[in-house]
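Visitor: Hello! I am just starting out with protein structures, so could you walk me through this one?

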Amino acid sequence: GGGGIVTASEILAQSATQVGYHALTFSTFPSQIMGGPVWTQTRISVNPVLSAGDDVDVLVAFNQEAYDNHRGDVREEGVIIYDSGEFQLDDESRSLGLPLDDLAKSTGNARAANMVVIGALAQLFGMPQKDLDEFVTKRFTRGRAGDQEIIDANLKAMETMRDEFGLRV
């Protein structure tokens, strides 16, 4: 759901700021009645972030519609990560297809695709996974009975991404 995508965006931004980067996030929520995609942007920099910027370095598309709507925003040297279980990009040389939903389902939490993506993005940016793990633990420790289950599911989703592709930072 949309809330999960925004949470992943928050995790990426807040984890980055805790290790010294500057970050800015922006999200849109279409009318629930009309439908439409939730869209979120996170900008991370070593310098203060004063605007959303002109171009996208990394586009994550969970479906064809997201890709079609935003592919033109990706700079020439940018990367497009997409859910290869949903659609294929045969003519896009700067793309990386990952079976996001399938990887999420393999964790026992079909809604964890956003956290699988966070695991991939951590590798792209060279962000130490331990910083993300610590943030997830702190973010979801709320004094509720199911906290540890949520924490474990999110950590497992990020770990699944690393293990699937032999990635370790």
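Guide: Gladly, and let's begin with a term: a polar contact is a pair of N or O atoms within 3.5 Å; within protein, one of them must be able to donate a hydrogen and the other to accept it, and residues adjacent in sequence count only if both atoms are side-chain atoms. You are looking at a predicted model, in which local features need pLDDT of at least 70 and side-chain atom pairs count only at pLDDT 80 or more, while totals for chains, interfaces and linings use all residues. Numbering runs from 1 along each chain as its sequence is written, and side-chain values use heavy atoms, with hydrogens and water left out.

Visitor: Which residue has a side chain joined to that of Glu92 by a polar contact of 2.9 Å?

Guide: Start by finding Glu92 in the loop between strand 4 (74-83) and strand 5 (95-98). Its side chain has a polar contact of 2.8 Å with that of Arg94. The contact of 2.9 Å goes from the side chain of Glu92 to that of Tyr67.

Visitor: Is Glu92 buried or exposed?

Guide: Buried means under 20% relative accessible area, exposed over 50%, and partly exposed in between (1.4 Å probe, protein chains only). Contact means heavy atoms within 4.5 Å, and beyond its neighbours within four places in sequence, Glu92 is in contact with Tyr67 and Ile80. Its relative accessibility is 15%, so Glu92 counts as buried.

Visitor: What pattern do the helices and strands follow along the sequence?

Guide: Helices (H or I, at least four residues) and strands (E, at least two) are DSSP runs, numbered from the N terminus. The chain has 6 helices and 5 strands. Read along the sequence, they give α-β-β-β-α-β-β-α-α-α-α.

Visitor: In which element is confidence highest?

Guide: The predictor's confidence in each residue is its pLDDT, from 0 to 100. The chain has a mean of 82, with 89% of its residues at 70 or more. Confidence is lowest in helix 1 (residues 2-18), at a mean of 74, and the highest mean, 92, belongs to strand 4.

Visitor: Which helix gives the most residues to the largest nonpolar core?

Guide: A nonpolar core is a set of buried Ala, Val, Leu, Ile, Met, Phe, Trp, Tyr and Cys residues joined through side-chain atoms within 4.5 Å. The largest one has 27 residues, and Ile11, Met115, Val116, Ile118 and Leu132 touch the most other members. Two or more residues come from each of helix 1, helix 3 (100-106), helix 4 (113-125), helix 5 (129-139) and helix 6 (147-164). With 8 residues, the one that gives the most is helix 4.

Visitor: How many residues of helix 4 are buried?

Guide: Among the buried residues of helix 4 are Met115, Val116, Ile118 and Leu121. This fits a general trend: in soluble globular proteins, nonpolar side chains tend to be buried together. Helix 4 has 13 residues, and the number buried is 11.

Visitor: How far apart are the end C-alpha atoms of helix 4?

Guide: The expected span of a helix is 1.5 Å times one less than its number of residues. For the 13 residues of helix 4 that gives 18 Å, which agrees with the distance in the model, 19 Å.

Visitor: Which residue forms a salt bridge with Asp57?

Guide: A salt bridge is a side-chain nitrogen of Lys or Arg within 4 Å of a carboxyl oxygen of Asp or Glu, and the whole structure has 6 of them. Asp57 lies in strand 3 (residues 56-61) and its partner in strand 4, so the pair ties together parts that are 18 residues apart in sequence. Asp57 is partly exposed, at 41%. The closest N and O atoms are 2.2 Å apart, and the partner is Arg75.

Visitor: Which residue meets Asp147 in a salt bridge?

Guide: Asp147 is buried, with a relative accessible area of 7%. Its partner counts as partly exposed, at 37%. The N to O distance is 3.9 Å, and that partner is Arg142.

Visitor: And which residue meets Lys130 in a salt bridge?

Guide: Lys130 is exposed, with a relative accessible area of 52%. The partner's relative accessibility is 12%, so it counts as buried. The side chains meet at 3.3 Å, N to O, and the partner is Asp131.
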